[in-house]
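Thanks for making the time this morning. I would like to walk through one structure, beginning with how its strands are put together and moving on to what is packed around them.

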Amino acid sequence: KLMKYLWSLGVGWDDPLPQDAMDAWKCYHNELPLIGQVRVRRQVTCTGSTYELHGFCDSSEIAYAAAVYILARRPDGTMHCQLLMGKSKVALEKKLSIPRLELCGALLLARVITYVRTNLTTLQISRTTAWSDSTVALAWIKTPTSKLKTFVANRVAQIQHMTSPDTWRHVPTAHNPADCASRGLTPGELVNHTMWWTGPDYLKKPEELWPKIDIIASDENEKK
């Protein structure tokens, strides 16, 4: 991400670094040893529990990301949520609109969900939900590909092949853990970042308290 930022400024290999880039690098370098403090719980199962997968995606101008969590509903009514897999990619060098970048993030999430479900064969997953904070990308996902332009249609076709459009829901940006990966965290922030490691708090509440925005199919309005 740092190199992509420098290239966008036109900084070459032999040019001095801008001060803000130098400060960011020094901060990262100084905090890097804190990564050794990261502790990840290996056991994600709870006796007698039912299981759900919840995936989140997000994009920024420099990267897009996906994160998948397993939610265990225990017999006593309590819930445990934990990160299973996260993945991020640097945004394409060709400049894309934010909605198109968000759609790239959604495609990445669809692939990660498919990978997790394929390899998590020992657990019975009762439901899978995909979350995005982009209403435009969600509208595209719920639209027949024949009504979409080529770039969008190609990616929506792949998403619809791997996931049902009905599994996609809207999450407010403030509750989207994938935002941590698309915009980046310092090592110091990562160590104890509760939302990244255990997902948004609302997943542990009754479903009627989850975010809910009705998304309708799009007419390919890319002016947004």
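Let me start with a single pair of residues: Tyr51 has Ile125 as its bridge partner in strand 4. Please keep in mind throughout that what you see is a predicted model. That pair belongs to the contact between strand 1, residues 50–59, and strand 4, residues 125–132, which run parallel and are joined by 7 bridges. Further pairs can be picked out along these two strands: Phe56 stands opposite Trp131 in strand 4, and Cys57 has Ser132 as its bridge partner there.

On strand 2 the sense of pairing is antiparallel, with 10 bridges between strand 1 and strand 2. Thr50, for instance, is partnered with Arg73 in strand 2, and the link from strand 1 to strand 2 is a hairpin through 3 residues.

Moving on from strand 4, we come to strand 5, which pairs with strand 4 in the parallel sense over 3 bridges; here Ala130 stands opposite Trp168 in strand 5.

Put together, this is an open sheet of 5 strands in the order 3-2-1-4-5, and the pairing is mixed. Its edges are strand 3, at residues 79–90, and strand 5, at residues 168–170, each of which pairs on one side only. On average, and ignoring direction, neighbouring strands of the sheet are turned by 25 degrees against each other.

How much of strand 1 and of strand 4 is buried? In strand 1, 9 of the 10 residues are buried, so this strand is mostly covered. Strand 4 is largely enclosed by the rest of the structure, because 6 of its 8 residues are buried.

Now to the helices. Helix 3, residues 98–119, lies across strands 1, 2, 3, 4 and 5, and runs at about 40 degrees to strand 2.

That brings me to the packing, and as general background, nonpolar side chains tend to be buried together in soluble globular proteins. The largest nonpolar core in this model has 40 residues, and Leu109, Ile159 and Trp168 are those with the most contacts inside it. At least two residues of this core come from each of strand 1, strand 2, helix 3, strand 4, helix 4 (135–141) and helix 5 (150–162). Helix 3 gives the largest share, 11 residues.

Ile159 is worth a closer look: setting aside neighbours within four places in sequence, Ile159 is in contact with Leu103, Ala106, Leu107, Ala110, Ile141 and Trp168. A second core, separate from the one just described, has 18 residues, among them Leu83, Val171, Ala178 and Trp197.

Next, a detail in the loop between helix 4 and helix 5, where Thr143 sits. Is Thr143 buried or exposed? Thr143 is buried, because its relative accessible area is 0%, and a polar atom of its side chain lies 2.6 Å from the backbone oxygen of Ala139.

Finally, the cysteines, since somebody usually asks. How many disulfides are there? The count comes to 0 when a disulfide is taken as a pair of cysteine sulfur atoms within 2.5 Å. Two of the cysteines differ in their surroundings: Cys104 counts as buried because its relative accessibility is 8%, whereas Cys27, with a relative accessible area of 31%, is partly exposed.

How values were computed: Residues numbered from 1 in each chain as written. Predicted model: local features only at pLDDT ≥ 70, side-chain atom pairs only at ≥ 80, totals over all residues. Heavy atoms only, no water. Pairing = 2+ DSSP bridges. Helix = DSSP H or I, 4+ residues; strand = E, 2+ residues; numbered from the N terminus. Axes fitted to C-alpha atoms, helices over the stretch in contact; angles between N-to-C directions. Contact = heavy atoms within 4.5 Å. Core = buried A, V, L, I, M, F, W, Y, C linked by side-chain atoms within 4.5 Å. Buried < 20%, exposed > 50% of the residue type's maximum accessible area, 1.4 Å probe, protein only. Polar contact = N/O pair within 3.5 Å; in protein donor to acceptor, adjacent residues only side chain to side chain.
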